[in-house]
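The following exercises concern salt bridges, a helix, a strand and two single residues. Each task is followed by a solution in steps.

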Amino acid sequence: MSSFYDFLIKNKAEVFKQLIEHIELTLVSLCIAVLLGVTIGILIAIYQKTTKTVLSVVNVIQTVPSLALLGFLLPFFGIGVVPAIIALFLYALLPIVRNTYTGITEVDPAVKESAIAMGMKRSQVLFKGELPLALPYIMAGIRTASVINVGVATLSAFIAAGGLGKFILQGIQLNNTNMILAGAIPASLLALFFDAILGRVQKSSLKIIRWFSIVLFGGMLVYLMVSGFQKLNSSNVKNELIGGFPSEFIYREDGLKGLFKTYDFEMDYVEMEIGLLYQALANKEVDVISGFSTDGRIKAFNLKTLKDNRNYFPPYQAAPVARATILKQYPEISESLSKLENQISNSEMTEMNYKVDEGKMQPDEVAHGFLQSKGLLNKNKNKKGNAGTIKIGSKAFTENYILAHLFKMVIEENTHLNIEMKLGFGGTKLLMDAMKNDEIDIYPEYTGTALLLLLETNEKERDDLFSNPDKVYDFVNKESEKQFNFEWLPALGFNNTFAILTRKEQAEELGLNSIEDLADH
């Protein structure tokens with residue numbers, strides 16, 4: 001608990017910044033949802049032939065998984081605050097529309113008839129009779145929508161929209177409980193705060209509710225005008241490059257901090273989910289990203305890899321890493337995976353990544369095609385697994401998915417073992433913890449990652465090894481066994497080091513050839 005408190009104190013400025021971003025996302029989307037949702041609810045209460053259709057549509061929107069909804073919006077609105085607010089607005093619609101409709105239609109017909117008999121017009125019946133009587137229902141819908149929005153807004157971090165989800169996302173990827181709590185606890189308290197405030201308003205008089213609405217919507221209008229003006233000004237004067245990097249790259253030893261230190265420059269950047277980086281760069285929402293040298297999207301998006309002329313990134317030879325105990329129990333695993341030794345060149349790995357990322361093929365389909373082309377399959381079609389079960393894991397990116405399937409197929413081809421796949425771990429440290437807890441037996445890893453992120457080494461040891469890939473492999477194999485009882489099987493042949501990427505036309509325009517050149521911009 002004391003470590004969490006220390007973390008909060010140390011990062012109080014960042015926690016406060018993310019809290020403000022979270023409140024902005026929630027309030028802006030909620031205000032839009034209230035305006036449109038109440039209007040729609042009123043209309044379907046008056047024109048009841050449309051009720052079923054409208055409620056069905058908002059029901060369907062609510063059933064779309066929130067991450068998928070963000071993914072649907074990205075091609076149209078890119079990354080950032082706009083798609084996040086649209087997604088939150090859509091999620092808030094259902095409770096507001098449904099409760100407004102229910103509140104109005106539940107008003108006693110005798111009340112309406114009395115109002116009409118007194119000479120009131122239809123609009124007077126609505127605004128002086130039905131809506132005040134329906135207010136408890138409407139406020140209950142708004143309260144529900146506010147709580148939903150606070151929770152869903154944490155997912156906005158995946159598309160670089162900020163908010164408390166940034167800490168949660170970082171904490172999951174880095175396996176840092178303090179980070180997760182620093183995002184989760186304020187988000188929970190914020191949801192309770194909104195619910196309590198709106199609950200008090202719900203029990204207040206009509207006059208207080210009216211003033212509360214005027215202040216809230218008036219304040220929001222002023223905020224949007226000021227915010228829009230500031231963004232317009234900033235876009236007019238923008239002349240510096242903006243980076244986009246995933247959480248793990250930002251915080252790991254061989255990541256962004258070390259890069260800035262080695263090349264003696266810094267740049268503004270946004271944090272985003274690794275799968276969105278390339279699209280964001282192609283859409284000109286960021287100017288520089290981190291990637292991998294064998295990524296197929298470098299070719300697909302016409303990107304340029306900036307030369308690492310100070311040799312900052314170490315070699316990243318790919319190889320299967322396994323628990324030594326599982327290799328001792330099933331020695332046939334080592335024998336089967338050794339068939340992949342030096343079988344994959346850089347260009348072959350790039351081509352496989354390209355087929356998945358741009359060719360829209362499945363990772364297992366690509367892996368199967370590659371093994372067939374190498375003559376490593378179809379020798380023992382009738383083999384059935386009954387000798388035991390091993391678990392193969394992977395990180396959440398294309399290359400790791402393909403490699404995990406390669407391992408699976410080769411082991412199945414040459415042994416009688418069953419394979420259980422546990423793919424898509426959010427970060428290296430999560431995968432390592434799963435290995436230590438016997439939840440994973442084998443996964444694909446890179447020597448540079450082990451050297452800089454996983455093993456306890458000193459700076460001199462690392463500097464002595466950087467220039468020699470074989471020495472790095474021998475070192476991480478020896479230390480992994482010593483520190484974790486893990487064993488590195490023969491390397492696969494390709495070197496997937498980090499790469500700093502930019503758009504080709506931008507590189508030509510600004511004269512960017514190396515990472516060093518970024519310092520001038």
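**Exercise 1. Determine which residue forms a salt bridge with Glu14, and which parts of the chain the pair ties together.**

Step 1. In this predicted model, Glu14 forms a salt bridge with Lys166, and their closest N and O atoms are 3.7 Å apart. The cut-off for such a pair is 4 Å.

Step 2. Glu14 belongs to helix 2 and Lys166 to helix 8 (residues 165-174), so the pair ties together parts that are 152 residues apart in sequence.

Step 3. Glu14 has a relative accessible area of 27% and is therefore partly exposed. Lys166, with a relative accessible area of 15%, is buried.

**Exercise 2. Describe the salt bridges of Lys17 and of Glu505, and state how many salt bridges a search of the whole structure finds.**

Step 1. The partner of Lys17 is Glu21, with 3.1 Å between the closest N and O atoms. Both residues lie in helix 2, four residues apart, which is about one turn of the helix.

Step 2. Lys17 counts as partly exposed at 39% relative accessibility, whereas Glu21 counts as buried at 19%. The burial limit is under 20% relative accessible area.

Step 3. Glu505 pairs with Arg503 in a salt bridge whose closest N and O atoms are 4.0 Å apart. Glu505 is partly exposed, with a relative accessible area of 42%, and Arg503 is buried at 6% relative accessibility.

Step 4. The search of the whole structure yields 15 salt bridges. Lys112, Arg122 and Glu130 are linked in a network of such bridges.

**Exercise 3. Establish where the buried residues of helix 3 lie as seen down its axis, and what they pack against.**

Step 1. Helix 3 (residues 51-63) comprises 13 residues and reaches 18 Å from its first C-alpha to its last, close to the 18 Å expected at 1.5 Å a residue.

Step 2. Its buried residues are Thr51, Leu55, Val58 and Ile61. Viewed down the axis of helix 3, these residues fall within an arc of 120°, so they line one face of the helix.

Step 3. The buried residues of helix 3 pack against helix 2 (12-46) and helix 5 (81-105). On the other side of helix 3, Lys52, Thr53, Val60 and Thr63 are exposed.

**Exercise 4. Explain why strand 3 is described as largely enclosed, and identify its pairing with strand 1 and strand 10.**

Step 1. Five of the five residues of strand 3 (residues 288-292) are buried, so the strand is largely enclosed by the rest of the structure.

Step 2. Val288, Ser290 and Phe292 point one way, Ile289 and Gly291 point the other way, and all are buried. In a regular strand, side chains alternate between the two faces of the sheet.

Step 3. Strand 1 (residues 243-245) pairs with strand 3 in the parallel sense over two bridges, with Gly243 opposite Val288. Strand 10 (residues 498-503) runs antiparallel to strand 3, and five bridges join them; here Ser290 stands opposite Ile500.

**Exercise 5. Decide whether Met435 and Ser394 are buried or exposed, and list contacts of each.**

Step 1. Met435, in helix 20 (residues 428-436), counts as buried at 0% relative accessibility. Beyond four places in sequence, its contacts include Val321, Arg323, Tyr443 and Phe486.

Step 2. Ser394, in strand 6 (residues 389-395), is buried with a relative accessible area of 0%. Neighbours within four places aside, its contacts include Asn400, Tyr401, Leu431 and Pro444.

Terms used. Residues numbered from 1 in each chain as written. Predicted model: local features only at pLDDT ≥ 70, side-chain atom pairs only at ≥ 80, totals over all residues. Heavy atoms only, no water. Buried < 20%, exposed > 50% of the residue type's maximum accessible area, 1.4 Å probe, protein only. Contact = heavy atoms within 4.5 Å. Expected span 1.5 Å × (residues − 1). Arc of directions from axis to C-beta. Pairing = 2+ DSSP bridges. Salt bridge = Lys/Arg side-chain N within 4 Å of Asp/Glu carboxyl O.
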